[in-house]
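Work through the exercises below with the sequence and the coordinates at hand, and try each task before reading its solution.

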Amino acid sequence: MDLEEAKAEFEKYPFYDITEKECQERIDKLDFVCGGCGKKPTPIETVNNNDEPTFWAGCNECGVFGNGVPLMVWKTANAMYDKGERSTWYDYNADKPNHLRNISDKVWSVVRVYEEVSKNNN
Ligand SMILES: [Zn+2]
C-alpha cells in the first residue's frame, strides 16, 4: 500500500464502535505499525460513550490507543530521533517510544497535508 492509498484508507474508517473482527480487519488492511515501538497494533476491548463494549486499535506494549502509522513514517521518525529530534511533550531523555510516538504523529500529519497541498498545486 503506497502512502496515498494508506491516507485514503486511514480516513475511510471511524475509530470506534466496531467489533473485534472489524477492528482486526482494519488493522490488517492498513498494515500500520505503532508510532512508538513499531509493533503491529492489536484490537483492544474498551467501551464507547454509551458504555457498550467496542474495540479500538492500539498498542499493548505502549499502552495507547491508535491506528498507528505507515512503516515508512515510523522509519522517518526514527531517523529524525537519531539526528536529535525530540518531542516537546517529554523530557529530552524520556523513553524513546514516547518521543517516537509524537514524532511519528507529526510526520504522518505532514505527509498527509503535503499530499493535499501537492495535489492542489498541480
Ligand atoms: Zn507501541
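Three exercises follow, each with a worked solution.

This is a predicted model, in which local features need pLDDT of at least 70, side-chain atom pairs count only at pLDDT 80 or more, and totals for chains, interfaces and linings use all residues. Residues are numbered from 1 along each chain as its sequence is written.

**Exercise 1.** Locate E52 and decide whether E52 is buried or exposed.

Solution. Begin with the elements, where helices (H or I, at least four residues) and strands (E, at least two) are DSSP runs numbered from the N terminus. E52 sits in the loop between β1 (42-47) and β2 (53-59). Next apply the burial rule, by which a residue is buried if 20 or more other C-beta atoms lie within 10 Å of its own, exposed if 12 or fewer, and partly exposed in between, with C-beta atoms placed from the backbone. Because E52 has 8 C-beta neighbours inside 10 Å, E52 counts as exposed.

**Exercise 2.** Check whether the length of α4 agrees or disagrees with its expected span.

Solution. The expected span of a helix is 1.5 Å times one less than its number of residues. The 25 residues of α4 should therefore span 36 Å, and the end C-alpha atoms of α4 are 36 Å apart, which agrees.

**Exercise 3.** Find which residues of α4 are buried, and what they pack against.

Solution. The buried residues of α4 are H99, L100, R101, I103, S104, V107 and W108. These buried residues pack against β3 (64-65) and α3, where a contact requires C-beta atoms, placed from the backbone, within 7 Å.

How values were computed
Contact = placed C-beta atoms within 7 Å.
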